[in-house]
Amino acid sequence: MGRRCEAIAARFLIEAGWTVVDRNVRFARKEIDLVLRRGREVVFVEVKGRKGGGWGHPLDAITALKRREIETVARWWIERFGRADDHYRFDAVAVHVRGSKARVEHIEDAWSSGQ
C-alpha cells in the first residue's frame with residue numbers, strides 16, 4: 001500500500017511540473033519518501049495513504065517526531081546533493097484510496113524546519 005501511494009503521489013506531482021530526483025532516501029534509519037525539483041525549488045515530500053475512512057486523515061500520521069526525522073534526512077541530503085542557490089521546503093501528500101480510485105491531496109509547505 002505504501003509504495004502504491006508513493007507512486008500515485010509521484011505521478012500527481014510529475015503532472016504538476018515537478019521532477020523526481022530521489023525516492024525513499026534513507027539516512028540513520030530514517031527516510032524521506034520523495035525528493036522533487038522544479039527549477040531552484042527542492043521539495044522533501046512525505047506521503048501518507050489510507051484505504052477507506054476508518055483510520056482518520058492520512059496526514060494525522062505525520063507527527064512531530066516524524067517531521068524531525070524527515071528534517072534530519074533532508075539536512076543530510078542537502079549536504080550531499082544541495083546547491084547553494086536552491087530553496088527547500090517540506091510538503092505532504094495524502095492519498096485516499098477507494099477501490100481502484102485514488103484522490104490526492106497535496107499540502108505545500110506543510111511545515112517548517114525545526115532549525
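Hi everyone, let me start at the front of the chain, with helix α1, residues 2-15. At 1.5 Å a residue, its 14 residues should span 20 Å, and the end C-alpha atoms are 20 Å apart, so the two agree. The expected span here is 1.5 Å times one less than the number of residues. Helices are DSSP runs of H or I with at least four residues, strands are runs of E with at least two, and both are numbered from the N terminus.

Before I go on, a word on what we are looking at. This is a predicted model, where local features need pLDDT of at least 70 and side-chain atom pairs count only at pLDDT 80 or more, while totals for chains, interfaces and linings use all residues. Residues are numbered from 1 along each chain as its sequence is written, and side-chain values use heavy atoms, with hydrogens and water left out.

Back to α1. Which of its residues are buried? They are Cys 5, Glu 6, Ile 8, Ala 9, Ala 10 and Leu 13. By buried I mean under 20% relative accessible area; exposed is over 50%, and partly exposed is in between, with a 1.4 Å probe and protein chains only. Those buried α1 residues pack against β1, β2, β3, β4 and β5, where contact means heavy atoms within 4.5 Å. After the helix comes Gly 17, with a positive phi near 100 degrees.

Now the whole protein. It has 2 helices and 5 strands, and the order along the sequence is α-β-β-β-α-β-β. The C-alpha trace spans about 45 × 30 × 20 Å along its principal axes. For 115 residues, a compact globule would have a radius of gyration near 13 Å, and the protein has 14 Å, which agrees. That radius is taken over C-alpha atoms, and the globule rule is 2.2 Å times the number of residues to the power 0.38. Buried residues account for 37% of the 115. If you take contacts between residues at least 6 apart in sequence, 53% of them join residues at least 24 apart.

On charge, there are 23 positive and 17 negative side chains, and the centres of the two sets lie 6 Å apart. Lys and Arg count as positive, Asp and Glu as negative, and His and the chain ends are not counted. Each charge is placed at NZ of Lys, CZ of Arg, CG of Asp or CD of Glu.

Next, the second helix, α2, residues 64-81. Its 18 residues should span 26 Å at 1.5 Å a residue, and the end C-alpha atoms are 25 Å apart, which agrees. Buried in α2 are Lys 66, Ile 70, Glu 71, Val 73, Ala 74, Trp 76 and Trp 77. The cover over these buried residues includes β1, β2 (30-38), β3 (41-51), β4 (87-98) and β5.

Why does Lys 66 count as buried? Because its relative accessibility is 19%. Beyond its neighbours within four places in sequence, Lys 66 is in contact with Glu 31, Glu 46, Lys 48 and Ala 61.

Let's move to the loop between α2 and β4, where we find Asp 85 and Asp 86. Asp 85 counts as partly exposed at 41% relative accessibility, whereas Asp 86 counts as buried at 8%. The C-alpha atoms of Asp 85 and Glu 41 are separated by 9.0 Å, with their positions 44 residues apart along the chain. Leaving out residues up to four places away, Asp 86 touches Arg 37, Arg 40 and Val 42.

Val 42 sits in strand β3 and is buried, with a relative accessible area of 0%. Not counting residues up to four places away in sequence, its contacts include Val 35, Leu 36, Trp 77, Asp 86 and Tyr 88. Leu 65, by contrast, is 23 residues from Val 42 in sequence and 22 Å away in space, C-alpha to C-alpha.

Finally, some backbone angles. Most residues other than glycine have a negative phi. Which sign does phi of Asn 24 have? It is positive, near 50 degrees. Asn 24 is in strand β1, residues 19-27, and is partly exposed at 22%. Asp 109 also has a positive phi, near 50 degrees; this residue is in strand β5, residues 101-111, and counts as partly exposed at 48% relative accessibility.

Thanks for listening!
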